[in-house]
Amino acid sequence: MASLGSLKSEIFRREERKQQYQAHILGLNAYDRHKKFIKDYVGFYGMEKPAQVKLPIKTDQDTLREGYRFIRSEEDDMDRSWEQRLVKRYYDKLFKEYCIADMSHYKSGKIGLRWRTEKEVVSGKGQFICGNKHCDEKDGLASYEVNFSYFEAGENKQALVKLVVCERCAEKLHYKKRKEKEQSERRDQEENRKKRHRTRSDDDTDYEESKEKKRKEKKKKANYWVPKSYFPFL
């Protein structure tokens, strides 16, 4: 039979383990507590080796990617969910005077634009340094107002923004429009050439028809004869 001292020691150890467990649980966030309870449940009641429970985790970056808007509307600000509050805090930290451009796909006319961060404002990127994210040119800069057309949240949107770029990047900025203009001019030149060719062909046809008509008239005159009865003195 166990002595009174050993019973007290066992009760004390159980209480101590219980307090340690509770302290450990209280130190976990909701998702970690959930994983802990699932693991303990499967380990205690499960007949097989407990499987790792992997649930989809939505991070703050995922929330920003889903809820971010290039230009927020009043309706966006009226949404008071924690996701939108997080996005709004991030949006308010951006500097929305000049843009930073990604010209990786400029030949296809696809140029990405975003607002500047505090670090870029301090360094002068996008204002005193070329606004192309892959260019650090400081000379020959010029400011452009760009009509930014983009697709966001299932809608086609437009915004007039400022972009400071160097001469080389300015050519990339207008590359697609310049190529379209050159192609249009080439098409017009080709069309004009075809029109001139058709006009020349029509003139040559009219000239040949006129020559043929004169030849026939001349031949008709050469074959003209007058009966002798018309000349009684013969």
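Biologist: Happy to look at this with you! In the hairpin of strand 1 and strand 2, which residue takes a positive phi?

Modeller: Glad to help, and do keep in mind that this is a predicted model. Strand 1 (residues 95-105) and strand 2 (residues 110-116) pair in the antiparallel sense over six bridges. Four residues lie between the strands of this hairpin, and the one with a positive phi, near 80°, is Gly109.

Biologist: Staying with that pair, which residue in strand 2 does Ala101 stand opposite?

Modeller: The two strands run antiparallel and share six bridges. Across from Ala101, the residue in strand 2 is Leu113.

Biologist: Which residue that is not a glycine has a positive phi of about 55°?

Modeller: Look at the loop between strand 3 (142-152) and strand 4 (155-165). A residue of that loop has this phi without being a glycine, and its name is Ala153.

Biologist: Next, is Glu152 buried or exposed?

Modeller: Glu152 is found in strand 3. Its relative accessible area is 11%, and the cut-off for burial is under 20%, so Glu152 counts as buried.

Biologist: And which backbone nitrogen does the side chain of Glu152 reach?

Modeller: Leaving out residues up to four places away in sequence, Glu152 touches Tyr68, Arg69, Phe70 and Lys157. Among these contacts, the side chain of Glu152 comes to 2.9 Å from one backbone nitrogen, that of Phe70.

Biologist: Over to helix 5 (residues 82-92): why are its buried residues on the same side?

Modeller: The buried residues here are Gln84, Leu86, Val87 and Tyr91. An α-helix has 3.6 residues a turn, so residues three or four places apart point the same way. In helix 5, the buried residues share a side because the arc they cover around the axis is only 155°.

Biologist: Which helices and strands are included in what covers those buried residues of helix 5?

Modeller: Leu86 is one of the buried residues, and Asp60, found in helix 3 (residues 60-67), touches Leu86. The cover of the buried residues in helix 5 includes helix 3, helix 4 (74-78), strand 1 and strand 2.

Biologist: What separates the C-alpha atoms of Asp60 and Leu86?

Modeller: Asp60 is partly exposed, with a relative accessible area of 47%. Apart from residues up to four places away in sequence, Asp60 touches Trp82 and Leu86. Asp60 and Leu86 are 26 residues apart along the chain, and the separation of their C-alpha atoms is 8.1 Å.

How values were computed
Residues numbered from 1 in each chain as written. Predicted model: local features only at pLDDT ≥ 70, side-chain atom pairs only at ≥ 80, totals over all residues. Heavy atoms only, no water. Buried < 20%, exposed > 50% of the residue type's maximum accessible area, 1.4 Å probe, protein only. Contact = heavy atoms within 4.5 Å. Pairing = 2+ DSSP bridges. Polar contact = N/O pair within 3.5 Å; in protein donor to acceptor, adjacent residues only side chain to side chain. Arc of directions from axis to C-beta.
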